[in-house]
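Let's take a walk through this one together, starting with empty space and then moving on to helices, charges and a few odd backbone spots. Have the viewer open as you read.

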Amino acid sequence: MMDDLPRYSNKMRGVFSRDNLPKVVLAVSSLPIFIAAWWLLALYLQGQGYFYLPTPLEVWDALVLAWTWDPVTHQSLLSNIGASLGRFVVGFALAVGLAVPIGLIIGYSSLVEAFSKPILEILRPVPPIAWVPFLLLSLGLYWGPVITIFIGVFFPVLSNMIFGVKSVDPLLIDVARTQGASNKQVFTKVVLPSSIPYIMTGLKIGVGIGWMCIVAAELFAAQGGGIGVLITAGQSIGRYDIMFAGMVVVGLLGIVTLALSEFLERRVKIWTGMM
Amino acid sequence: MDRNDVILSIKGLGKSFPKDNGQIVAIENFDLEVENGEFVCILGPSGCGKTTLLRIVAGLEQLTSGSIKIGQKEITGPGSDRGMVFQEFGLFPWRNVKKNIEFGLEIKGVPAEKRAETSQRYVDLVGLKDFEMSHPKQLSGGMKQRVGIARALANDPAVLLMDEPFGALDAQTRNQMQMELLRIWKETKKTVLFVTHSVDEAVFLADRIVVMTARPGSIKDLWDIDLPRTRDRASSKFIALRRDILDELEVQKTGT
């Protein structure tokens with residue numbers, strides 16, 4: 001009855017297949033080698049007295065110390081993480097909530113695009129961090145850092161959104177119209193769903209930029225602590241180990257949120273049949 | 001031409017495009033009346049405007065002159081009284097088979113229960129049972145076009161417009177799909193306007209073949225194909241008819 005049966009790809013091979021073994025060994029050994037090299041370099045530099053690089057163990061101790069109550073911000077590490085994460089979530093949500101509808105409109109209407117493009121092209125190249133001094137002074141120590149993230153996340157999400165709308169297959173729009181769809185239905189039932197994968201790509205890029213922005217803003221000042229605050233506090237009392245502890249935490253948060261957004265992207269792509 | 005029970009009537013259709021500083025006349029003085037339940041193939045050299053003609057009937061493009069009527073109603077834009085099947089399928093990748101077929105019903109605001117009933121009927125009609133939940137990515141070309149046909153039919157259009165629907169398929173699948181289409185056509189008793197550049201396909205499928213001239217496209221000749229179905233491609237009548245129509249097309253190509 002069927003003309004020909006669907007073919008499924010045969011690409012899924014075991015991670016531990018023989019071809020992959022050298023790669024697996026390399027991947028598993030790279031982190032221990034990195035930490036060992038760091039350790040040796042730290043000991044060497046400390047012995048020579050050029051400058052102080054804390055060893056991994058010292059950073060670990062600083063993390064343990066900061067976990068409960070660090071001597072500079074007088075907060076627990078979790079409350080510092082919570083402060084940064086809170087700003088991140090608010091700024092990120094604001095950026096996505098505005099960039100998605102604005103991007104949809106700009107991508108859909110060439111008139112709106114003609115008007116808004118010059119404005120966007122002037123604002124886009126300004127690094128979000130350049131806004132920080134102004135934002136802190138004018139908006140204060142909570143909204144200043146939040147709006148910095150907003151600026152950092154807004155533009156990549158917007159660009160992807162516009163691109164997504166423009167990449168809609170015109171054939172699908174023809175199909176919808178021959179099926180009797182109104183302009184509004186073409187928008188909600190064709191343009192919007194076809195743009196979803198592009199929204200997800202924008203979110204992923206936004207996550208990385210978001211963390212950069214939040215820490216950069218907190219390095220200036222922020223209300224109620226934060227990882228950036230912890231790092232500058234460590235600097236102010238010359239505690240290298242605490243600065244490094246802050247860096248490690250930011251890195252881990254970045255990995256977790258990126259993994260989360262990649263997971264979400266995969267789910268959405270599967271859900272929308274793109275994968 | 002005097003026909004009874006005309007469902008589609010095209011009168012004095014003309015279409016021109018602006019190009020550079022002038023106008024390109026794509027279609028000129030095209031007249032055609034199609035009876036209810038008739039299978040008409042439009043055949044012509046590439047660039048003769050046959051796809052444009054179909055898109056105008058679908059309402060996707062505006063005509064420059066003339067008029068098109070479905071029954072007594074003049075068409076002014078796209079509508080669900082005409083269903084279209086596209087060469088490149090045009091399935092919504094984020095919708096499964098069932099949801100693709102139900103698209104037009106959703107547009108009309110048909111309640112979910114009724115939609116499911118209708119889509120199931122067309123899933124069965126085109127032979128896609130057990131694939132309702134599959135996404136287009138998981139289907140072969142032939143199966144994709146079965147979805148395309150079911151989706152166009154689910155709206156219960158008066159006329160089914162098909163734009164080289166099997167052009168993207170391999171030869172074997174193509175022949176199979178032609179058989180399937182004839183079966184579906186017999187079961188649904190739909191009027192079909194089918195664009196192709198394959199003489200073989202047209203002779204196999206059509207009640208009537210419209211041969212178009214090269215640009216500007218207009219009707220060069222009409223052929224009534226009264227061979228009984230299912231047609232045997234190896235029969236002498238089939239071969240002779242195919243050769244005659246091919247000759248007619250070749251004459252235009254060389255410009256004599």
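A search of the whole structure, which is a predicted model, turns up one cavity of 30 Å³ or more. How is such a thing found? Rolling a probe the size of a water molecule over the atoms shows where empty space is left. The largest cavity has a volume of about 30 Å³. Its lining is made by B:Glu164, B:Phe166, B:Gly167, B:Arg174, B:Thr196, B:His197 and B:Glu201. Sort those residues by character and you get one nonpolar, three polar and three charged.

One of the lining residues, B:Arg174, is also among the buried residues of helix α6 of chain B, so let's follow that helix next. Helix α6(B) covers residues 171-188, which makes 18 residues. From first C-alpha to last it reaches 25 Å, close to the 26 Å expected at 1.5 Å a residue. Which of its residues are buried? The list runs B:Thr173, B:Arg174, B:Met177, B:Gln178, B:Glu180, B:Leu181, B:Leu182, B:Ile184 and B:Trp185. And what do they pack against? In chain B, the partners include the strands β3 (39-43), β7 (159-163) and β8 (191-196), along with the helices α4 (112-125), α5 (141-154) and α7 (199-205). Just after the helix ends, B:Lys189 takes a positive phi of about 55 degrees.

Now for the charges. Side chains of opposite charge can pair when their charged atoms come close. Over all chains, the count comes to 22 salt bridges. Helix α6(B) has a part in this too: B:Glu180, one of its buried residues, belongs to a network of salt bridges with B:Arg146, B:Arg183 and B:Glu187.

Another pair worth zooming in on is B:Arg208 with B:Glu38, a salt bridge whose closest N and O atoms are 2.5 Å apart. This one links distant parts of the chain, with the two positions 170 residues apart. B:Arg208 sits in strand β9 (residues 208-212) of chain B, while B:Glu38 is in the loop between β2 (22-35) and β3. Are these two buried or exposed? B:Arg208 has a relative accessibility of 1%, so it counts as buried, and B:Glu38 counts as buried because its value is 8%; the cut-off for buried is under 20%.

Chain A has a salt bridge to look at as well, between the side chains of A:Asp241 and A:Arg239, at 2.9 Å from N to O. Here the partners fall into two classes: A:Asp241 is at 14% relative accessibility and therefore counts as buried, whereas A:Arg239 is at 28% and so counts as partly exposed. Back in chain B, the side chains of B:Arg55 and B:Glu61 also meet in a salt bridge, at 2.8 Å from N to O.

Next, the backbone. Where are cis peptide bonds found? A cis bond joins B:Arg215 and B:Pro216, with omega about -5 degrees, and B:Pro216 is in the loop between β9 and β10 (219-224) of chain B. Another cis bond joins B:Arg229 and B:Thr230, also with omega about -5 degrees; B:Thr230 lies in the loop between β10 and α8 (236-254).

A couple of non-glycine residues also have a positive phi. B:Asn29, in strand β2 of chain B, has a phi near 45 degrees. At 56% relative accessibility, B:Asn29 counts as exposed. For B:Asp130, phi is near 75 degrees, and the residue sits in the loop between α4 and α5 of chain B. B:Asp130 is exposed, with a relative accessible area of 68%.

Finally, hop over to helix α5 of chain A, which spans residues 132-166. Is A:Thr148, in this helix, buried or exposed? Its relative accessible area is 0%, so A:Thr148 is buried. Leaving out residues up to four places away in sequence, A:Thr148 touches A:Pro128, A:Val132, A:Leu135, A:Cys213 and A:Ala217. A:Phe134 lies in helix α5 of chain A too, but A:Phe134 is partly exposed, at 48%. Its C-alpha atom is separated by 24 Å from that of A:Ser116, which is 18 residues away along the chain.

Technical notes:
Residues numbered from 1 in each chain as written. Chains lettered and ligands numbered in written order. Predicted model: local features only at pLDDT ≥ 70, side-chain atom pairs only at ≥ 80, totals over all residues. Heavy atoms only, no water. Helix = DSSP H or I, 4+ residues; strand = E, 2+ residues; numbered from the N terminus. Buried < 20%, exposed > 50% of the residue type's maximum accessible area, 1.4 Å probe, protein only. Contact = heavy atoms within 4.5 Å. Expected span 1.5 Å × (residues − 1). 1 Å grid on protein atoms, 1.4 Å probe; cavity = no way out; pocket = protein on both sides within 12 Å on 5 of 7 lines; lining within 4 Å. Points joined across faces, edges and corners; volume = space filled by probe spheres on them. Nonpolar A, V, L, I, M, F, W, Y, C, P; charged D, E, K, R; others polar. Salt bridge = Lys/Arg side-chain N within 4 Å of Asp/Glu carboxyl O.
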